[in-house]
Amino acid sequence: MNFKQMTKTSRDNLGTIAMLVVAFAVVQALRAGGFVNSHMDGMLVPLCVYATMAVSLNLVVGILGELSLGHAGFMCVGAFSSAFFSKCFEQSMGTFPRFLIAILIGGLVAGVLGFLIGIPVLRLNGDYLAIVTLAFGEIIKNLVNVLYVGRDAAGLHISMRDQAALGLAEDGEMIINGPQGITGTPFNSTFTVGFVILLVSTIVVLNLVNSREGRAIMSIRDNRIAAGSLGIPVTRYKMFAFTLSAVIAGCAGALYAHNLSSLIATPARFGYNMSILFLVFVVLGGIGSTRGAIIAAIILTLLPEVLRFMADYRMLIYAVVLIVMMIVNWNPKSRAFIKAHSPKKWFGRGKEDR
Amino acid sequence: MALLEINNLSIQFGGLRAVDDFNLTVEQGELYGLIGPNGAGKTTVFNLLTGEYKPTEGVILLDGKDITGKSAIEINRAGVARTFQNIRLFKQQSVLDNVKIGLHNRYPYSAVSAVLRLPSYYATEKQMNEKAMELLHVFDLDGEANTLSSNLPYGKQRKLEIARAMATEPKLLLLDEPAAGMNPNETEELMEDIRYIRENFGMTILLIEHDMRLVSGICEKLTVLNFGRILTQGETKEVLADPEVIKAYLGDE
Amino acid sequence: MVSFLNYFINGLSLGSIYAIIAIGYTMVYGIAKMLNFAHGDIIMVGAYIAFSVITTAKLPAAVGVLAAICGCMLLGITIEKIAYKPLRHAGSSLAVLITAIGVSYFLQNVALLIFSSNPKMFTPIIPMSMMTIQLGSFRIQTISLVSIAVGVVLVLLLQLFINKTRPGQAMLACAQDRGAASLMGISVNGTISLTFAIGSAMAGIAGVLLCSAYPTLSPYTGAMPGIKAFVAAVFGGIGSIPGAMIGGLLLGIIEILSKTYISSQLSDAIVFAVLIVVLLVRPTGIMGKVVQEKV
């Protein structure tokens, strides 16, 4: 009976986790063997960041079924709050506990913000919800850019105007310097830390999906009215999924921040463009499939590198590849063709075989 | 005391009184039919009963407790479950999972034990699976537990919706046109199933139906709605013999 | 007071440009049921076409504007045919949204290859001698008045077209129910192409106006106005043409006034915050219809 079903889902989840572990082991082996050049080496932490963001956004878009276009905002908050903490305690704490706490703070602050934003946002539906999340994402980016925080013997000084308004003492130190952001965050992010964050996020989401809570969240996606008629607390589960997703995005942001010498809230890093890129991962990965989202994130992050030999044409090719992949993956005829000719699609699991 | 007591229920949409001065008493264990021509306001009554709409006037008592104007979620927890005229399954989930979502509030465990896969997760999931399979078995759906619910044939989708509603262990089950789209054989099976769950699960059932064979075959009492108002109510046989009812269905002459 | 009026007119002018773009967004949404994220980049393409014709080829401004309109129209139809049509029955509006993002990347990168990332100085379509108009103590940029006038004329023409012509009625029919429209003998493909043609032509006009008022042109010129226009369309109630008009105007005015009187760095945040407040009060925008799901 259901035993078969349970093992099948568990097997799938184990497969995803095994895939991550094997990938990690292979990369580590290649690095030890000196097969990874410094450029590729530098890509490893961003890869983990983007894959974690894909897991986070998939929870909202694929599993809860609400379109969020502001996830870069949560990552931004996680990045700045954790970097702020690390700067404040750079001298007074050891690296490991400090970084661990920084990551938790990144997740916590983003989670609190996600909760607060979720209260108004989750009352809306469809495209209206999407545009409001986009708006919140842009507001976060904008506010971070006018935030000045400094520290001196008297404590912390905060201003939204300019550096001078802080009234910092001579020996004071700027921590967040408006549009210049935070400079000199300790470089604590390593591939191993990134991998652990990705792995933990993946396990949390997969275990949750395959449980009472996950089914309730998916029931809201599939039919909100039926879910309510069965006594599923719709609003509470929406908030839960949205907040958890923000927490994961915040942790990814912390990882991101501790990999940069200067953390600036530019549109390219934390604007809607970035949020949309995360959405591309989720949709290309097959909407709802955590594994697909991770693979899509990795492929799309590496694609520009692979295309480097194309020089100026690489982003053009990237765009064409994206359009073609979308059409091949989603056009009803090509879908039927793929289904008929190969039992295993090239990656991820589509909607209908879940 | 009656299980369900509705007094003077009305709802106004703009200038239209879709349901007007509706009264109904359903006793514990009864199988009660709500019939009437299309657009008479039957589904609106269900929507009022389940909290999808808020009534303009009137009181709804379930087991003596006032549930008027409560949310759909609260009303389900108070003991009312329903099916929908336009089937509302969780299409991207399996047949089994559809029923397990119905069991959500009956078999709780925390999100933490789900994430950490604590023993309470495994134990409760096992109980849920057993209970869900038991319900599916009633409707002969246990063989298709792992099928994606949207892949079921139409008649089975309707049955799955009943099983899912029953999973919330309601005192009162509302079925909105359960036989719509079924062939005579399927309808026959459905009638047996409805009788079976009433006997074995102690369910009180209120149903909307157009299929007169089903209505006359299993309902003990009927209320006929026409243009939002009660035309007549009483024992099935008497109601169906009422010339007013025949007129409402077949028109004048 | 005079300066306030000046800023207000600037806002109205920017708002008219947003409105023209937003109407294109809203029409495509209403009929093709998709968010065309590449719409903003069509503005950029229109501006580059006008730039090539007017500045590089030294032809009259009118030729440049006409070329921009025709070029964008063709581009819009082509994009729809190649990239969006195959996904019309994909069953997920997200799939086509992502494809639109791919198209947006594509257009930006083509522009990048042809024109490089260095911003170009756009030659305004208004001759130098007529750049400003003096009205007593009061000086107005001519382009502001032109933008407002073009905006008003376009909206009126569009309303006439939709309400009085057969293709316009066909568009309304497709917006309401594509299946029923095709059963009535309306060519759905043709109507969708027409919608993209009109929307893109308007984006081309907006591109010329935008770059005449703010004369630096880069491959990313269209992105932010595109997003703002999308916001304006939602603001007004997506799918509604009068809504897009009102949304665009309001957005332009709020943006310019908050830039002037509150903070230039926070003006975008203020625009977005107003949007959020409006949607919380009216969850389907100013002119949007509230649709209750039938149970």
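**Notebook: strands, folds, a contact and a core**

I started in chain B, where strand β4 (residues 57-62) and β5(B) pair in the antiparallel sense over 2 bridges. For the record, strands (E, at least two residues) and helices (H or I, at least four) are DSSP runs, numbered from the N terminus, and two strands pair if DSSP finds at least two bridges between them. Across that pairing, L61(B) stands opposite D66(B) in β5(B).

Housekeeping before going on: this is a predicted model, where local features need pLDDT of at least 70 and side-chain atom pairs count only at pLDDT 80 or more, while totals for chains, interfaces and linings use all residues. Residues are numbered from 1 along each chain as its sequence is written, and chains are lettered from A and ligands numbered from 1 in the order in which they are written.

**Sheet in chain B**

I followed β4 and β5 outwards and found an open sheet of 4 strands, in the order β2-β1-β4-β5, with antiparallel pairing. Its edge strands are β2 (16-26) and β5 (65-66) of chain B, each of which pairs on one side only. A reminder to myself: strands of a sheet pair through backbone hydrogen bonds, either parallel or antiparallel.

**Strands in chain A**

Next I looked up β1 (residues 148-152) of chain A. With strand β3 (residues 173-177), β1(A) pairs in the antiparallel sense over 4 bridges, and there G150(A) stands opposite M174(A). With strand β2 (residues 155-159), β1(A) is again antiparallel, over 5 bridges. Y148(A) has S159(A) as its bridge partner in β2(A). A hairpin of 2 residues joins β1(A) to β2(A).

**Whole chains**

I tallied 14 helices and 5 strands for chain A. The radius of gyration of chain A is 21 Å, close to the 20 Å from the globule rule for 354 residues, so chain A is as compact as a globular protein of that length. (The radius is taken over C-alpha atoms, and the rule is 2.2 Å times the number of residues to the power 0.38.) The C-alpha atoms of chain A fill a box of roughly 70 × 55 × 40 Å along the principal axes.

Chain B has 10 helices and 10 strands. Its radius of gyration is 19 Å, close to the 18 Å that the rule gives for 253 residues, so chain B too is as compact as a globular protein of that length. I get a box of roughly 65 × 40 × 35 Å for the C-alpha atoms of chain B.

Burial came next. I call a residue buried if 20 or more other C-beta atoms lie within 10 Å of its own, exposed if 12 or fewer, and partly exposed in between, with C-beta atoms placed from the backbone. Buried residues make up 51% of chain A and 47% of chain B.

For contacts, I want two C-beta atoms, placed from the backbone, within 7 Å. Among contacts between residues at least 6 apart in sequence, 76% in chain A join residues at least 24 apart; for chain B I have 66%.

**Where A meets B**

The contact takes 26 residues from chain A and 33 residues from chain B. On the chain A side, the elements giving two or more residues are α1 (2-32), α6 (191-209), α7 (212-222) and α8 (224-229). Of these, α7(A) gives the most, with 7 residues. I split the chain A side into 10 nonpolar, 9 polar and 7 charged residues; here Ala, Val, Leu, Ile, Met, Phe, Trp, Tyr, Cys and Pro count as nonpolar, Asp, Glu, Lys and Arg as charged, and the others, Gly among them, as polar.

I checked α6(A) for length. At 1.5 Å a residue, its 19 residues should span 27 Å, and the end C-alpha atoms are 27 Å apart, which agrees. (The expected span is 1.5 Å times one less than the number of residues.) Its buried residues include G194(A), F195(A) and I197(A).

**Core and single residues**

The largest nonpolar core has 284 residues, and A54(A) and A47(C) touch the most other members. Helix α2 (residues 38-64) of chain A supplies the largest share, 16 residues. (A core is a set of buried Ala, Val, Leu, Ile, Met, Phe, Trp, Tyr and Cys residues joined through C-beta atoms within 7 Å.) Leaving aside neighbours within four places in sequence, A47(C) has contacts including F122(C), G207(C) and V208(C).

Buried or partly exposed: which is L174(B)? L174(B), in strand β7 (residues 172-176) of chain B, is buried, with 25 other C-beta atoms within 10 Å. F240(A), in helix α9 (residues 234-257) of chain A, is partly exposed, with 19.
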